[in-house]
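Reader: I am a first-year student, and I should be grateful for a close look at the aromatic rings of this structure.

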Amino acid sequence: MTPDPLIAQPDPAARARAQRRGILLVLIASATFALAAAAAKAIGSGIPVAEVILFRNLFAIPLLLPVVMASGGWTALATRNPMSHAARTLFGLMGMVGAFYGYVHLPLATVTALGFTMPLFLTVLSVPLLGERVGWRRGLAVLVGFAGVLLMVRPGSEGLRGEGLAVLLCLLGSVGWALAMITIRRMGEAGESSVAIVFWFAAGSAVIAGIASVPVWVWPSPLQWALLFAIGSVSALAQVLMTSAYRSGETTLLAPFEYAGIVWTTALGAFIWAELPDGWDFAGIGVLVGAGLYIWHREVTLGVKR
């Protein structure tokens, strides 16, 4: 079919530039998230997880304010779904507890890889919570993905230095992130703005984590203050970069590049803490990533649930 000359056609060169920019931003955002994870690991167990989550959100809020102002000011934060925000906050906190506990007790690359079980749990939970149908192909991909987790954990062996609780909390954290994604999807369908979802999550998480921090409070040292500020500010920067990326390119193009996070965290873990995954770890990560990419390909690229 001949293009209508009266309708402006997209500039292929401009589209290609936007796509390259989007890919670059996703790679940078993934590296930035890895730096925040490294800062959380560097704090270690000296600061309670609740306190880390408190400052992660407190230091992020000032960086979110310009986004709020650019989106229409305080009116952009108006909401008709306070209970949905509360549920999203609780599920997100569940995810952060799993991740921050994992950073302290497991290799960075392992925590990142376990975090990528979120699409698997999202697929499973979408059946009872969203009424979606999941065919045998995606169901098999979910089973294969969890087999990859078993390769990494290797139950009954020394795997991961016996840190079973950390692995369990990471997986529960992924369940939390999956539930948060389902809640966000419903909020988006109800007309809730992205800026309101992000801001109220940060504010609500700070309040809840602040209350939980009171009985376990540890006053940070100057170095720990610096690391806490890095976790909050760098995480906020990574969110902004990722948002900008998805405004520059299509989700179908950019989503797979988020798996670069495993490369960045593997490099940081090896360089700073001499965390070198063995052959079983690499095999498990490969299987898990492959299953996640297959599910992404079926749902996003092909638009099917089977």
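Author: The following account concerns the aromatic pairs and the charges placed over rings. The model is predicted, so local features need pLDDT of at least 70 and side-chain atom pairs count only at pLDDT 80 or more, while totals for chains, interfaces and linings use all residues. Residues are numbered from 1 along each chain as its sequence is written, and side-chain values use heavy atoms, with hydrogens and water left out.

A search of the whole structure finds eleven aromatic pairs (rings of Phe, Tyr and Trp, the last by its six-membered ring, whose centres lie within 6.5 Å; planes under 30 degrees apart are stacked, over 60 edge-to-face, the rest tilted). Phenylalanine 100 and tyrosine 103 are edge-to-face, because their ring centres are 6.0 Å apart and their planes stand at 75°. Both residues belong to helix H4 (residues 82-105), where a spacing of three residues separates them by about one helical turn (a helix being a DSSP run of H or I with at least four residues, numbered from the N terminus). Phenylalanine 100 and tyrosine 103 are buried (under 20% relative accessible area with a 1.4 Å probe, protein chains only; exposed is over 50%, partly exposed in between).

Tryptophan 219 and tryptophan 225 are also edge-to-face, with centres 5.7 Å apart and planes at 80°. Tryptophan 219 is exposed at 61% relative accessible area, whereas tryptophan 225, at 26%, is partly exposed. Both belong to one aromatic cluster, together with Phe55, Phe59, Trp217 and Phe229.

Charges also sit over rings (NZ of Lys or CZ of Arg within 6 Å of the ring centre and within 35 degrees of the ring normal). Lysine 41 lies over the face of tryptophan 273, 5.7 Å from the ring centre, and arginine 88 over that of phenylalanine 201, at 3.8 Å.

Methods: Helices (H or I, at least four residues) and strands (E, at least two) are DSSP runs, numbered from the N terminus.
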